[in-house]
Amino acid sequence: MSINLVRLDPVGDDHEALVDFMTRNEFPFHSNPRLTGEAVKAAIANGAYWSEDNDSFWIDYAERGRIGFLRLEDLGDPTPMFDLRLDEGFRGRGLGVEAVQAATQHVFTTLLDVNRFEGQTREDNIAMRKTFLRCGWVKEAHYREGWPVEGSKPVASVAYSILRRDWETGQTTTFVWEDLSI
Ligand SMILES: CC(C)(COP(=O)(O)OP(=O)(O)OC[C@H]1O[C@@H](n2cnc3c(N)ncnc32)[C@H](O)[C@@H]1OP(=O)(O)O)[C@@H](O)C(=O)NCCC(=O)NCCS
């Protein structure tokens, strides 16, 4: 794999670079697409990037250098989640697939009690949804009007996951969506 996840220190060595990354880039499918420095610093102080539940990493790519940021969330739960943000200059090249694969490998090789890894995104974040599917993740929920959008109608929130056994075998197992008749 060409990707290396480098644990970052949001209150120490990586503080300025993290604030710079979060404020320099736009994240159109996040609740807050344009973060201010004050907001990022407050989130850092509140443990949003580094706490018992959260851990943050730079995503370094062999030939390209630093291409983005990954946060693992809900690390105290049986099903951790993640937040992936590629630098604007590295989007649209399919690098999200390798980033999700690296995150999945990290979770299943370091958190031995974890058997599920989950992610959610907005229904209109097609790039992220295709990335999930290309990584063998399975759509498990479509929360209609579940994602509030400021100044607009809410959109659906879509949830995907991968099981440890699917990651081990490379075989995506699925289920019957409508398994009950009325
Ligand atoms: C979401 C993200 C990780 C996806 O990674 P990526 O490698 O940049 O994904 P790409 O832009 O290459 O898109 C993947 C595929 O979706 C397709 N796609 C993207 N937007 C599309 C659209 N609106 N309609 C149809 N297809 C679309 C791309 O064409 C590509 O398919 P292709 O390889 O056949 O051309 C990255 O864009 C990113 O970090 N975005 C900002 C943060 C974010 O939204 N994170 C998700 C929160 S979990």
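User: Which element gives the largest share of the shell around the ligand?
Analyst: In this predicted model, α4 does, with six residues.

User: Which elements give two or more residues to that shell?
Analyst: They are β4 (81–86), α3 (95–110) and α4 (126–134).

User: What makes a residue part of the shell around the ligand?
Analyst: One of its heavy atoms must lie within 4 Å of the ligand. The shell has 17 residues, and L84, L86, G92, G94 and G96 come nearest.

User: Why is the pair between L84 and the ligand called a polar contact?
Analyst: A backbone N or O atom of L84 lies 2.8 Å from a nitrogen atom of the ligand. The cut-off for a pair of N or O atoms is 3.5 Å, so this pair counts as a polar contact.

User: What makes the G92 and G94 pairs polar contacts?
Analyst: For G92, a backbone N or O atom lies 2.9 Å from an oxygen atom of the ligand. For G94, a backbone N or O atom also lies 2.9 Å from a ligand oxygen. Both values are within 3.5 Å, so both pairs qualify.

User: How much of the ligand does the protein bury?
Analyst: Taken alone, the ligand exposes 940 Å². The protein buries 68% of that.

User: How do you know where the ligand sits?
Analyst: The test asks for more than half of its atoms within 2 Å of the grid points. The ligand sits in the largest pocket, so it passes that test there.

User: What volume does the largest pocket have, and which residues lie nearest its centre?
Analyst: The volume is about 900 Å³. The lining has 37 residues, and H30, L84, R85, N125 and M128 lie nearest the centre.

User: Which elements each supply at least two residues of that lining?
Analyst: α2 (37–45), β3 (65–73), β4, α3, β5 (116–122) and α4 do.

User: How do the shell and the lining divide by class?
Analyst: The shell has six nonpolar, six polar and five charged residues. The lining of the largest pocket has 19 nonpolar, 10 polar and eight charged residues. Gly counts as polar, so G92 and G94 fall in the polar class.

Methods: Residues are numbered from 1 along each chain as its sequence is written. This is a predicted model: local features need pLDDT of at least 70, side-chain atom pairs count only at pLDDT 80 or more; totals for chains, interfaces and linings use all residues. Side-chain values use heavy atoms; hydrogens and water are left out. A polar contact is a pair of N or O atoms within 3.5 Å; within protein, one must be able to donate a hydrogen and the other to accept it, and residues adjacent in sequence count only if both atoms are side-chain atoms. Accessible areas come from the Shrake-Rupley method with a 1.4 Å probe; for residues, only the protein chains shown count as cover. On a 1 Å grid over the protein atoms alone, a cavity is a set of points where a 1.4 Å probe fits but cannot get out, and a pocket is an open set with protein on both sides within 12 Å along at least five of seven lines; lining residues have an atom within 4 Å of a point. Helices (H or I, at least four residues) and strands (E, at least two) are DSSP runs, numbered from the N terminus. Grid points are joined across faces, edges and corners, and a volume is the space filled by probe spheres set on the points.
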